[in-house]
Amino acid sequence: MLGTYNLKVAPYSHCGNVMSVAQGSEIYYHCFFFNDYDKWWVYGRVKGTSTYGWMSWDNLRDTYLDDNGDGYYDDRDC
């Protein structure tokens, strides 16, 4: 995370918050979505939790983590 941002219930900035995610936290991406405002969002889980939600790609570093350790990165659409 580039800063502290809110994990959202849907892929839009005006949607409700799931939780605040601190700078330096990691999110395991499950899929990507390009919303109606031409912004990329990722759906995923905050590392070390069972909390899922949406985060704007603009808030994330361009670093990928392998959630299940299989060495495979899947960039599928939601």
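I'll start at asparagine 59, which lies in the segment after E5. One thing to keep in mind throughout is that this is a predicted model. Is asparagine 59 buried or exposed? Its relative accessible area is 15%, and the limit for buried is under 20%, so asparagine 59 is buried. Setting aside residues up to four places away in sequence, asparagine 59 touches Met1, Leu2 and Tyr5.

Next, the strands. E3 and E4 are paired in the antiparallel sense, over 7 bridges. Within that pairing, phenylalanine 33 has tryptophan 41 in E4 as its bridge partner. The two strands make a hairpin with 5 residues between them, and there aspartate 38 takes a positive phi near 60°.

On to E5. E4 and E5 also run antiparallel, and 5 bridges join them. Arginine 45 stands opposite tyrosine 52, which is in E5. This pair of strands forms a hairpin too, with 5 residues between them, and glycine 48 in the turn has a positive phi of about 85°.

How many of the residues of E4 are buried? The count is 5 of 7, so E4 is mostly covered.

That brings me to the core. As a general point, nonpolar side chains tend to be buried together in soluble globular proteins. Here the largest nonpolar core has 10 residues. They are Met1, Leu7, Val21, Ile27, Tyr29, Phe32, Val42, Val46, Met55 and Leu60. Two elements, E3 and E4, give two or more residues to this core. Which of the elements gives the most? That is E3, with 3 residues.

Take one core member, leucine 7. Not counting residues up to four places away in sequence, leucine 7 touches Gly16, Asn17, Val18, Met19, Val21, Ile27, Val46, Thr51, Tyr52, Gly53, Trp54 and Met55. Val21, Ile27, Val46 and Met55 from that list of contacts are also listed in the core.

Now the disulfide. The structure holds 1 of these. It is formed by cysteine 31 and cysteine 78, with their sulfur atoms 1.8 Å apart. Cysteine 31 lies in strand E3 and cysteine 78 in the segment after E5, so the bond ties together parts that are 47 residues apart in sequence. What is the handedness of this disulfide? The torsion about the S-S bond is about 95°, so the disulfide is right-handed. As for the two ends, cysteine 31 is buried, at 10% relative accessible area, whereas cysteine 78 is partly exposed, at 46%. Cysteine 15 is buried as well, with a relative accessible area of 17%.

Then the charged pairs. Side chains of opposite charge can pair when their charged atoms come close. How many salt bridges does a search of the whole structure find? It finds 2.

One of them joins lysine 47 and glutamate 26, and the closest N and O atoms are 2.9 Å apart. This pair links distant parts of the chain, 21 residues apart. Lysine 47 is in the loop between strand E4 (40–46) and strand E5 (52–56), and glutamate 26 is in the loop between strand E2 (17–21) and strand E3 (27–34). Lysine 47 has a relative accessible area of 44%, which makes it partly exposed. Glutamate 26 counts as partly exposed too, at 25% relative accessibility.

The other salt bridge is between aspartate 58 and lysine 39, with the closest N and O atoms 3.0 Å apart. This pair also links distant parts of the chain: aspartate 58 is in the segment after E5, lysine 39 is in the loop between E3 and E4, and they are 19 residues apart. Both are partly exposed, aspartate 58 at 46% relative accessible area and lysine 39 at 38%.

My last stop is serine 13, found in the loop between strand E1 (5–8) and E2. Is serine 13 buried or exposed? Exposed means over 50% relative accessible area, and serine 13 has 58%, so it is exposed. Leaving aside neighbours within four places in sequence, serine 13 is in contact with Lys8 and Trp41. Trp41 came up earlier as the bridge partner of phenylalanine 33. Finally, serine 13 and serine 56 are 43 residues apart along the chain, and their C-alpha atoms are separated by 8.0 Å.

Notes
Residues numbered from 1 in each chain as written. Predicted model: local features only at pLDDT ≥ 70, side-chain atom pairs only at ≥ 80, totals over all residues. Heavy atoms only, no water. Salt bridge = Lys/Arg side-chain N within 4 Å of Asp/Glu carboxyl O. Helix = DSSP H or I, 4+ residues; strand = E, 2+ residues; numbered from the N terminus. Buried < 20%, exposed > 50% of the residue type's maximum accessible area, 1.4 Å probe, protein only. Core = buried A, V, L, I, M, F, W, Y, C linked by side-chain atoms within 4.5 Å. Contact = heavy atoms within 4.5 Å. Pairing = 2+ DSSP bridges. Disulfide = S-S within 2.5 Å.
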